[in-house]
Amino acid sequence: MKSMRIAQLLRMPADGAEAVVKGWVRTKRGNKNVAFIAVNDGSCVANIQVVVDPAAIDEQTMRQVTTGACIRAEGRLVASPGSGQGVELQASSIGIYGPADPESYPLQKKGHSLEFLREKAYLRPRTNTFGAILRIRHAMAYAIHKYFNDKGFYYLHTPLITGSDCEGAGAMFAVTTLDLNNVPKTPEGKVDYAQDFFGKACNLTVSGQLEGELGALSLGQIYTFGPTFRAENSNTPRHLSEFWMIEPEMAFYELEDNMELAEDFLKYLIRYALENCREDLEFMNKMWDEGLIERLNFVLEHDFKRLDYTEGVEILKASGRKFEFPCDWGCDLQSEHERYLVEEHFKRPVILINYPKQIKAFYMKQNEDGKTVRAMDVLFPKIGEIIGGSEREADYGKLRARVGELGMNEKDIWWYLDTRRWGSAPHSGFGLGFERLLLFVTGMGNIRDVIPFPRTPKNAEF
Ligand code: 4AD
Ligand code: MG
């Protein structure tokens with residue numbers, strides 16, 4: 001008998017064909033004449049109903065059919081009068097793969113809080129909510145590769161261990177094999193990294209962009225999609241210490257082209273979710289966020305508003321709103337400012353460009369005014385910044401001058417600077433935070449709930 005996943009079984013005709021169901025028991029109810037067992041195998045949010053005459057199964061087995069247990073049921077697919085599904089399994093035999101003692105199984109009840117489930121992150125994929133989120137996460141990862149592949153971009157693998165600091169925020173995780181109880185020192189009393197594994201100080205990467213640019217200046221159009229690490233101590237619903245980022249980088253793209261691509265890309269992903277994750281989105285809409293599907297459609301139907309940072313700040317100042325962090329020209333926008341512009345002022349996604357150079361990274365193309373750079377942040381409802389990017393400084397002299405101004409060490413990025421010495425070209429790129437995208441697409445409010453194993457300050461248990 002061929003075994004099928006429940007998503008497939010539920011689409012089969014109720015013609016009495018033999019079938020096997022393998023999965024985890026969600027609930028069991030009934031009486032001594034008939035038992036109804038709801039089984040889920042992770043293939044879809046719906047359960048299949050297994051109907052069985054308890055008298056036909058040995059008592060010990062029936063007793064072990066409890067919430068959380070993993071079972072196998074064999075029988076025939078028949079029309080289901082009551083379960084809301086087309087078919088159910090009329091079972092003639094049941095086997096137990098793994099029982100789940102009702103006294104100790106933590107997910108015995110329904111309706112646990114998200115906070116409780118975070119503490120049980122190793123089991124939460126067995127809930128409907130996390131099943132739906134993880135399926136959507138998978139579909140979005142697939143759609144990202146499909147989008148770029150179809151557009152002729154190459155997937156470039158950039159290193160996770162690096163000696164350079166792309167964003168310059170100074171919040172990186174050190175990678176070392178030095179004995180922390182007996183750190184070798186130089187004659188000046190500094191850590192002697194010459195004795196470390198790589199012979200120099202290394203960290204986990206905060207972004208694949210610098211290496212991505214080398215790819216753009218050779219293959220033309222590349223993207224990266226990998227884990228990224230930031231050691232900022234920011235305990236917010238939008239920050240993780242380990243998150244995934246998608247970073248396309250394109251030769252011959254100016255800022256306008258970059259904005260076009262970012263908008264098209266986000267809309268493609270949202271449309272893909274609406275077309276391919278319908279059941280899971282409807283579930284999330286019903287359970288967690290009644291405005292979800294409407295919001296996804298809304299973004300598809302509207303052009304993103306493009307405006308200068310300077311104009312954005314003027315709007316904020318004229319708003320009469322009392323922000324927790326007051327904002328003046330030169331300030332780094334907080335999510336309260338970003339969300340005001342998106343949710344209240346323009347009522348649609350916003351692409352803010354031409355930021356003051358002092359709040360943006362060294363690699364951004366400098367504008368003629370000497371004050372701003374060709375940066376772009378894409379701001380989304382409920383999220384704030386979902387994408388950060390820019391046109392890159394392609395001029396060797398200007399880039400070196402900026403590195404000098406910021407007191408950065410040229411020795412750490414000589415190879416990056418060298419790309420501007422030979423065959424430099426205008427180019428642009430951006431970074432999409434994968435989990436920020438998932439917050440938007442699933443309607444979840446906390447970024448810890450859209451990654452299987454969240455890493456945040458003081459939290460790396462499982
Ligand atoms: O704006 P960021 O820092 O930009 C870069 O890293 C550039 N090198 C990208 C590029 O141009 N290739 O980060 C990009 C995006 C943010 O817009 C946000 O969506 C996400 O990454 N992000 C985070 N997501 C979760 N947790 C964090 N701590 C994040 N920091 C940034
Ligand atoms: Mg940013």
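Helices and strands here are DSSP runs numbered from the N terminus, a strand having at least two residues, and two strands count as paired if DSSP finds at least two bridges between them. With that in hand, let us walk through the structure, which is a predicted model.

A good place to start is the hairpin of β14 and β15, which has three residues between its strands. Within this hairpin, K382 takes a positive phi near 70°. As background, most residues other than glycine have a negative phi. The two strands of the hairpin run antiparallel and are joined by six bridges. If you would like a pair of residues to look for, M376 stands opposite G389 in β15.

On to the surroundings of β14, which covers residues 372-380. Nine of its nine residues are buried, so β14 is largely enclosed by the rest of the structure. The cut-off behind that word is a relative accessible area under 20%. Besides β15, strand β14 has another partner: β13 (residues 350-356) pairs with β14 in the antiparallel sense over six bridges. There you can find L352 opposite D377 in β14.

Strand β13 also holds N354, whose phi is positive, at about 55°, although N354 is not a glycine. Is N354 buried or exposed? Its relative accessibility is 10%, so N354 counts as buried. For a contrast, turn to the segment after α13, where K458 has its place. K458 is another residue other than glycine with a positive phi, near 65°, but K458 is exposed, with a relative accessible area of 90%.

Now back to β15, this time for its part in the largest pocket. That pocket holds about 1,300 Å³ of space. Which elements give two or more residues to its lining? They are β11 (242-251), α10 (335-346), β15 (384-391), β16 (427-433) and α13 (434-442). The most comes from β15, with six residues. In total, 48 residues line the pocket, and those that lie nearest its centre are R230, E232, H239, E385 and R436.

From the pocket, we can follow one of these elements to another part of the chain. Residue E249 falls within the span given for β11, and its C-alpha atom is separated by 10.0 Å from that of Y154, although the two residues are 95 apart along the chain. Y154 itself lies in strand β6 (residues 154-155). With 48% relative accessibility, Y154 counts as partly exposed, because that class lies between the 20% and 50% cut-offs.

A little further along the chain is a set of three strands. They form an open sheet in the order β7-β9-β8, with antiparallel pairing. The edge strands are β7 (161-162) and β8 (174-175), each of which pairs on one side only. Between β7 and β9 (residues 202-204) there are two bridges, again in the antiparallel sense, and I161 stands opposite L204 in β9.

I161 has a second role to look at, on the surface. Together with L160, F197 and F198, this residue forms a nonpolar patch with about 390 Å² of accessible area. Where does F198 lie? F198 is in the loop between β8 and β9, and at 41% relative accessibility it counts as partly exposed.

Towards the start of the chain, there is another group of paired strands. Strand β4 (residues 70-79) pairs with β1 (residues 18-30) in the antiparallel sense over seven bridges, and K22 stands opposite R72 in β4. How many bridges join β4 to β5 (residues 87-98)? Ten bridges link these strands, which also run antiparallel. In this pairing, L77 stands opposite L89 in β5. In general, strands of a sheet pair through backbone hydrogen bonds.

Finally, step back to see the whole protein. The parts visited here belong to a protein with 13 helices and 16 strands. Its C-alpha trace spans about 85 × 55 × 45 Å along the principal axes. Of its 462 residues, 50% count as buried.

Notes: Residues numbered from 1 in each chain as written. Chains lettered and ligands numbered in written order. Predicted model: local features only at pLDDT ≥ 70, side-chain atom pairs only at ≥ 80, totals over all residues. Heavy atoms only, no water. Helix = DSSP H or I, 4+ residues; strand = E, 2+ residues; numbered from the N terminus. Patch = residues over 30% accessible without salt bridge, like charges linked within 9 Å, V, L, I, M, F, W, Y side chains within 5 Å. Areas by Shrake-Rupley, 256 points an atom, 1.4 Å probe, with all protein chains shown as cover. Salt bridge = Lys/Arg side-chain N within 4 Å of Asp/Glu carboxyl O. Buried < 20%, exposed > 50% of the residue type's maximum accessible area, 1.4 Å probe, protein only. 1 Å grid on protein atoms, 1.4 Å probe; cavity = no way out; pocket = protein on both sides within 12 Å on 5 of 7 lines; lining within 4 Å. Points joined across faces, edges and corners; volume = space filled by probe spheres on them.
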